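Here is a short tour of one protein model and its backbone details. Please keep the sequence and the 3D view at hand as you read.

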Amino acid sequence: MAWLDTRQKLEILADAAKYDASCASSGTAKRQSTRGAKGGIGSTEGMGICHAYAPDGRCISLLKILLTNSCVFDCHYCINRKSSNVRRARFSVEEVVDLTLAFCRRNYIEGLFLSSGIIRSPDYTMERLVAVARSLREDHGFRGYIHLKTIPDADPDLIREAGLHADRISINVELPTQAGLTRLAPEKSSARIEGAMGRMQAEMIDSADARKRYRKAPRFAPGGQSTQMIVGADAANDRTIIDRASSLYGRFGLRRVYYSAFSPIPAASAVLPLSRPPLIREHRLYQSDWLMRFYGFSAQDVGNATDADTGNLPLDIDPKLAWALKHRDSFPVDVNRAPRTMLLRVPGLGVKAVNAILHSRRWRSLRLEDVGRLTTSVAKVRPFLIAADWRPVALADRADLRPRVTPPPRQLDLFGA
Ligand code: SF4
């Protein structure tokens with residue numbers, strides 16, 4: 001490995017970390033202070049600062065980097081795999097600690113997202129990740145947010161220590177099926193990944209129990225655990241992905257499942273698709289995830305919204321509307337009488353709107369105009385609702401209902417970012 005200074009390592013290792021979606025970055029315009037005659041201060045480009053949401057809902061800036069982009073594994077979809085011809089770099093534990101503290105003192109970041117390729121062995125790599133977190137917490141009194149990516153095959157004691165220092169820990173399941181893993185990441189196994197998730201969940205439960213009895217008992221990953229699935233690298237359809245996500249939420253109490261549309265990498269392996277799936281597919285999966293977590297939909301409900309032949313969610317309409325169009329017999333729903341669970345199924349009504357309806361209808365009968373104020377598209381909710389002054393006459397049964405409620409296609413901007 002050629003000698004690189006910290007800035008060069010940061011360039012390589014922050015860029016390599018961008019493929020991990022499990023701390024979601026927010027989009028913004030590109031601005032660079034080193035360009036232009038007047039210069040400036042600050043930059044939205046390059047070098048590993050991303051945004052994530054803390055458990056209490058605050059948006060925080062994180063330094064998002066890998067400890068190293070060298071790896072002894074050869075996962076086909078990964079740019080850092082052993083056979084990939086990329087520039088390699090590796091931070092020492094002290095370099096990551098110093099960078100985190102320096103960025104924090106300058107107010108660039110409020111936390112660290114640290115992942116790594118596997119060097120030498122899972123234990124050796126995990127020891128280094130833990131050493132960063134331990135040093136930050138114990139040697140430097142770092143109070144910021146730490147998200148550590150853990151390695152399923154590492155010693156459970158190391159993973160346990162990771163959870164004692166980190167706010168959130170995660171293990172990527174990467175692909176929804178074992179068949180996909182066998183084909184694209186042969187060194188990984190669903191059973192080992194799930195074993196590690198189960199142990200982390202048990203630690204969290206033990207820690208919560210202990211804290212009920214002893215207020216000062218140590219916390220274990222108070223922000224919970226999360227994972228990421230790559231979408232479109234293998235043949236798994238949306239129904240399979242949704243089932244897998246639901247099973248992970250149910251069995252391991254995951255805080256979040258992130259979906260990352262596969263993006264073709266330079267010099268990609270021949271077993272990978274040549275093109276990326278449409279980004280809107282990733283968006284539809286996030287919407288279906290939302291339906292399961294906040295709208296009372298089961299995986300089977302969301303699965304019913306998928307296309308019977310392909311098992312994929314429609315791309316032109318959202319999954320809730322797709323479900324409603326397939327279950328027209330459940331509508332229209334009376335906005336002044338229906339229970340919360342049914343109001344949450346009405347396309348166009350979000351959780352806030354439903355809460356507002358439940359609150360307002362205690363005092364007066366709601367009209368369509370009142371509901372219209374709570375939604376962005378009254379045209380979308382109208383066929384599915386009964387209000388004091390509105391009753392759709394067989395609207396939910398119309399053959400042309402789908403085009404009536406489908407948003408009109410939008411011309412894409414050829415020159416947009
Ligand atoms: S183990 Fe992780 S870093 Fe290594 S090749 Fe697989 S996905 Fe990439």
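Let's begin at a loop residue: N107 is exposed, because just 8 other C-beta atoms lie within 10 Å and the cut-off for exposed is 12 or fewer. This is a predicted model, so please read each value as computed. N107 sits in the loop between helix 2 (93-105) and strand 3 (111-115), and its phi is positive, about 65°, although the residue is not a glycine.

E174 also has a positive phi, near 65°, in a residue other than glycine. Its loop runs between strand 5 (168-170) and helix 5 (178-184). Is E174 buried or exposed? E174 is buried, because 22 other C-beta atoms lie within 10 Å and the cut-off for buried is 20 or more. As background, most residues other than glycine have a negative phi, and most peptide bonds are trans.

Another backbone feature is the cis peptide bond that joins F331 and P332. P332 belongs to the loop between helix 10 and strand 8 (333-334). The table gathers these backbone angles, together with the one at G296.

| Site | Angle | Place |
|---|---|---|
| N107 | phi about 65° | loop between helix 2 and strand 3 |
| E174 | phi near 65° | loop between strand 5 and helix 5 |
| G296 | phi about 75° | just after helix 8 |
| F331 and P332 | omega about 0° | cis peptide bond |

That brings us to helix 8 (residues 279-294), whose 16 residues reach 23 Å from the first C-alpha to the last, close to the expected 22 Å. Its buried residues are E282, R284, L285, S288, D289, L291 and M292. They pack against strand 6 (225-231), helix 7 (238-252), strand 7 (256-261), helix 9 (299-304) and helix 10 (319-326).

Stepping back, the protein chain holds 15 helices and 9 strands, and 40% of its 417 residues are buried. Which residues have the most contacts inside the largest nonpolar core? They are L13, L114, L129, A133 and L175, in a core of 102 residues. Helix 3 (residues 122-139) gives the most to this core, with 6 residues. At least three core residues come from each of domain 1 (1-17 + 46-170) and domain 2 (327-405). Leaving aside residues up to four places away in sequence, L129 touches L67, L114, S116, L148 and A162.

Finally, the ligand is surrounded by C71, F73, C75, C78, N80, R81, G117, I118 and A185. By class, this shell has 6 nonpolar, 2 polar and 1 charged residues.

Definitions and conventions:
Residues numbered from 1 in each chain as written. Predicted model: local features only at pLDDT ≥ 70, side-chain atom pairs only at ≥ 80, totals over all residues. Near = placed C-beta within 6 Å. Nonpolar A, V, L, I, M, F, W, Y, C, P; charged D, E, K, R; others polar. Helix = DSSP H or I, 4+ residues; strand = E, 2+ residues; numbered from the N terminus. Expected span 1.5 Å × (residues − 1). Contact = placed C-beta atoms within 7 Å. Core = buried A, V, L, I, M, F, W, Y, C linked by C-beta atoms within 7 Å. Domains from an automatic or database assignment.
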